[in-house]
Each structure stands twice: as C-alpha cells, then as structure tokens.
Number of protein chains: 2
Amino acid sequence: MPAEFERHSGCWMLWPERPDTWRAGAKPAQAAFAAVASAIATSEPVTVAVSAGQFINARAQLPRSVRVVELSSNDAWMRDCGPTFVIDGKGRRRGVDWTFNAWGGLGGGLYFPWDRDDEVAQKVLEVEGADRYRTSFVLEGGAIHVDGQGTCLTTEECLLNPNRNPGFTRDDYAEIFRRYLGVTNVLWLSRGIAGDDTHGHVDDLARFVDASTVVTVFEDDFADSNYEPLAENLALLKSMKDQDGNPLRVETLPMPEPVWFDGQRLPASYANFYIANRIVLVPTFNDANDRLALETLTAMFPDRAVIGIACRDLVLGLGTLHCMTQQQPK
Amino acid sequence: MPAEFERHSGCWMLWPERPDTWRAGAKPAQAAFAAVASAIATSEPVTVAVSAGQFINARAQLPRSVRVVELSSNDAWMRDCGPTFVIDGKGRRRGVDWTFNAWGGLGGGLYFPWDRDDEVAQKVLEVEGADRYRTSFVLEGGAIHVDGQGTCLTTEECLLNPNRNPGFTRDDYAEIFRRYLGVTNVLWLSRGIAGDDTHGHVDDLARFVDASTVVTVFEDDFADSNYEPLAENLALLKSMKDQDGNPLRVETLPMPEPVWFDGQRLPASYANFYIANRIVLVPTFNDANDRLALETLTAMFPDRAVIGIACRDLVLGLGTLHCMTQQQPK
C-alpha cells in the first residue's frame, strides 16, 4: 500500500445526503463537501459517487472538473467503506475490499442497514477496472495509516474492539497487514480522540507526512478528556521505530476547543487532513488554534500548498476531510 | 458519428429487471442478456449498467470479463436512452445526450416515469470522462443509423410522429443531423416493422454493413402486414444515393414467421444484429429462416464471425440485440 503522500491518480468521495447524519436536507454539508471536492480537483482527478436520487443535485452543485457517478451508499465515508488501493508485485493497481459493518455491526454500529456501504469498494473497483481482494474480516480505511515503506499505524481501541473481529489478536492483524498491505511493522497506538464514534480511528490521531515523520495531535489542557490518551500516544510514538529500526521523527498538532452539538462532543481534529498531489487540505473549526495547525503543517509540507477548509458543517456528521476521501495511487 | 462497423473501444448495455417488461422475475431475460454480454466481451470491453438493487445479482450472473457499474434506468434499452458517441473535429470522443421520452412521452410513450432513462446518457459519459452535448429535442439511438461517411438512414414513421418533436420537419432533422452527427445526406424510409412499439425504428429495418451497402428486411408473404411497408422501403433504398451521389448496394434479409405473445405481435427482426469488433451477433427465433439470415450476414461480413443468439426471451421485451447495446467508437 503506497503512502498517501505518494503520487495519486485520483480521489474518490461519497456525496452526503442521509438526513439523520446531515441536518437541513444535507444542504450545508453538501456545500462544504462541494468546496472540498472542488479544491482537491485542482490537484488530482476527483470522482464523486452519489445515489440515483441525488445525482442531478450533486451534478449541479459540483464543478465540471469533478466526475460524478451513480453509486449508492448508506452514508458519505469513502475512507472507511471504499477500497484500499494497493500495487501488486507486477506494478498493477488493485483494491482491497474489506468487509464493512458500519463501525461495529449489531454490537454498536452506527446505523442499520450498511449493505450498500459494504458494496461501495466493489463498485469503485469495477468502475476503475481494478482487480479486487475481498476479505471476510472487518476493517475500515480510517483505522490504518501507512508510510508506504512497510510500517502501519493503528489503534488498539478500534482493532481489538470485539465488535470488529472478535478474537483477533495483534498477531492476527500483523499477518493480515503483511498479506494485504505489504506491511512488516505494525505500530499500535492506544486510544483515539474523544467524540470519535468509530472507536478510535488513527486518522483523527496521527499521520505520516513523509516516510520517517509522524504528526500527532496533542492536548495541553489537563482537564480535557483527550489529555491523557493523547499524552500516552505521544510517548508511545517517541519510543517507536520504523520498519528499518530507526526512531520516528514525531511532531505535534494542537487540538481545537471541544466542539459540541446537541449535547454530543464531536471528533474535531486537525489530524484529519487530506494529502493531495499538490495541496494539503486541513479541517478548520473557527478556532484559535486553526492558525497554528495550518502553520505547523505548512512547515511540514514544503512542496504543497496547505489550505484550510471550514469543517463545522462536516464534523456534525462525525468526520471531516480524511474520512470523506480515498486516494487512488498512481 | 462513426459507423457501427468501424472499430469500437467498448460496448454499453443496461441490465433487464423491470417486471412488467420481463416475465418471471426477469430471470429468463437476464440469462439471455448474460449470454449476449459474454459473447460481445470476447470481442470488445463490455460495461453493464445496473440499478443498486440488482447489482449483486448482475455481478453474479455476468462473467468477470464484463464490467458492472451501478447506474439506474427505467428499462434495458441502452441503444435508445444511451449516448450517441461522436468524434469531434479534434479527434476527441464525445457523446450526444438526446432528450428521451420513452418513445412518445405522454402521447403514447411506453411507460411513466422515464426520468432515470433520460439520465442514462449523462451518467455513461461521466463514467467515461467524455464531454456531452445535451439536446432539448427528442431522439433515440435506434431511430438513426449512419455509414460514418455522411449518410444517415431513418424513418418518417418515427421522426415525424407528433409524440417526438411536434412540428419538426425533415429539414429540421437534416439540420440537427448535420450539426450533431456530421451527416450531409439523410435517407428517409417510410414505415417500420409490425409490432415495433417505437413507431418504426430503422434498426429493426435496414442497416449499413459497410459504407456503401445496406441490408434490409423483406417479407415475401403477400398476406403479412409487413409485406407492403418492407416492399416500399426496398424500392426506396434501391433509388437512394450515398453522400457522394453513388447508388447504394442493397441486400435483403428474410423475416421470421410472426412471433406472438399474449395476443401481441412482437418485433422480431434479423436486422437488429449488433456489429462488434470481431463478431456480429444476430437474433434468432427458432425459425426456419434463422439459417438463411445467418448465411446472408456471414457472406456480408467476411472479416467477422457471425453468431446467432436465441432471442425469444428478449423479444418479449420488444427489442433484441441492437436495441440493448450501444457501441463506443475507438
């Protein structure tokens, strides 16, 4: 599996429409989504998948530069239900189609049914004419993050949750990642951020910016529920080594002030950025730390324009830019 | 618009499922359809478009060599609601997206609604990344047939029917065909075959097999209702000239015995063949004339394998091989 910071041939996204996820007819989320798709399309080809009933609406809201294809889903999270693209030993692009159970299936999943989401990866791969590896076990794209050299970051909170693959051990996952992703070195973080209904996805937490550097979110307010888990993860990262036995370079991003809606804390995190070919899109929250987050990432991505995207209307759906996208490597 | 006998980069089809068109859960039609798609896929890439609800079924019934994409419709006639592919002055493949009104709209159309069908061409072109010319007037792909040199065959019965474009004259169509298809020479046949609910589509009637040769169906039974219209069309063809003023070479195909179902005569015609890159698929009807039709076309297509496809279960839906396909030129 190539790293996200390697060259892409495109990016896939899923149009938001589900009324219980997206308020006000999904119109505010769709406007924010269209801005994201438009921005990514300046840097790489974007395909937006949309249900039959919303096709005309999506086509009208998106610029001509974005390809729109009919492809139904249960919600808008291409990172998690879409394919994980890999390059096989002969240089051919293929896709892994993990079983998807809506982040927990009947044991705490976020909605029922999730059958259309579970078909998304297959349908994307059909459109792209790419071969497919279907798995019987459950995984989401946002639960794993690789450096393209053999190292994978993930979290115990998510992968060892019995509502994913009950009985699976760290060794079982190491074997899976070896076979499907070419990963030789699995780095286990502990817990994810507060408000993350996926049970601790790594893509709200820590991200590779190059093959030797991880950026992770850090909370300096002792009273915040994120303080302890993020401090623990930071200490873990500082002790971890890459696939060649070299220590990781570790940088930190701040957290925004907690974002609440209707009594629920939302998973607002600057770590949910998306790395496109020539730009990096970073979620912003009208927060005092937005500027620091953008400056930090600007320094870390010297060859890319780092652009803030207002994500209040997206984080209401409990995910932002990385959750909504799935890169297709060159 | 290139001729069908020119090189294709692929073929698009629409999965049959509509229960009032296709009997017995559409299973017999789907089996026949899968045989057609499989056969064409031996010669050129085939994409089958299918609604969300039938995706898994279609994927299971079709071979791996066929690409299956989610794309909803109101029925299975890609020839008529799909795009007409053209090559522009710079050699780019583009598509014409004619307005589709289910062969007559509120004035005799075959079903309501037809909104999904009318979106099919746009969605195909999105998947293919091809630019689109949308028209405000109505036309179906099966109503026109070109030689790729500037000549178009069509019928008065269909195009001058007031349920398509009321008030349009032959000159209006000549101008449309000039602008959208690069056609300079429109040849008007009169009436289509008995049982054709499209009001006389030319693709059940007369077809170019090369740039100077037309094959047309002929009925030798005086008592059959096809006798007079087909004799009239044959006489017209023999008097017609191509875009350069040269007479057409005209050959004939027989008709099968009339095929009836539930008191309705079905539009069974050998002229509804599909020309793929290396093969020609010809509808057969368990009829004594099947052999003659295949032999006639075998002689006319010396460089292609001419293959009969049993179409009883397809003609129940009132169309066969040409109606179900849409070629995409190289």
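So, to kick off: of the 330 residues of chain A, what percentage count as buried? The answer is 51%. Keep in mind as we go that this is a predicted model.

Let me stay with the single chain for a minute. Chain A carries 10 helices and 18 strands. Its radius of gyration comes out at 18 Å, close to the 20 Å that the globule rule gives for 330 residues, so chain A is as compact as a globular protein of that length. If you'd rather think in box dimensions, the C-alpha trace spans about 50 × 45 × 45 Å along its principal axes. And on contacts: take the pairs in chain A that sit at least 6 apart in sequence, and 72% of those join residues at least 24 apart.

Okay, now the pair. Chain A goes onto chain B with a rotation of 180° and 0.0 Å of shift along the axis, and the RMSD is 0.0 Å. The two copies are thus related as by a two-fold rotation axis. Both copies use the same surface, too: 100% of the contact residues of chain A recur in chain B. If you want to find the axis on screen, look for A:E70, which is the residue of chain A that comes closest to it, with its C-alpha at 3.1 Å.

So what's in the interface? We have 14 residues of chain A in contact with 14 residues of chain B. On the chain A side, β3 (67-70) and α4 (115-128) each supply at least two residues. The most comes from α4(A), with five residues. By residue type, that side of chain A divides into six nonpolar, two polar and six charged.

Key:
Residues are numbered from 1 along each chain as its sequence is written. Chains are lettered from A and ligands numbered from 1 in the order in which they are written. This is a predicted model: local features need pLDDT of at least 70, side-chain atom pairs count only at pLDDT 80 or more; totals for chains, interfaces and linings use all residues. Copies are superposed by least squares on the C-alpha atoms of residues with pLDDT of at least 70 in both. Two residues are in contact if their C-beta atoms, placed from the backbone, lie within 7 Å. Helices (H or I, at least four residues) and strands (E, at least two) are DSSP runs, numbered from the N terminus. Ala, Val, Leu, Ile, Met, Phe, Trp, Tyr, Cys and Pro count as nonpolar, Asp, Glu, Lys and Arg as charged, and the others, Gly among them, as polar. The radius of gyration is taken over C-alpha atoms; the globule rule is 2.2 Å times the number of residues to the power 0.38. A residue is buried if 20 or more other C-beta atoms lie within 10 Å of its own, exposed if 12 or fewer, and partly exposed in between; C-beta atoms are placed from the backbone.
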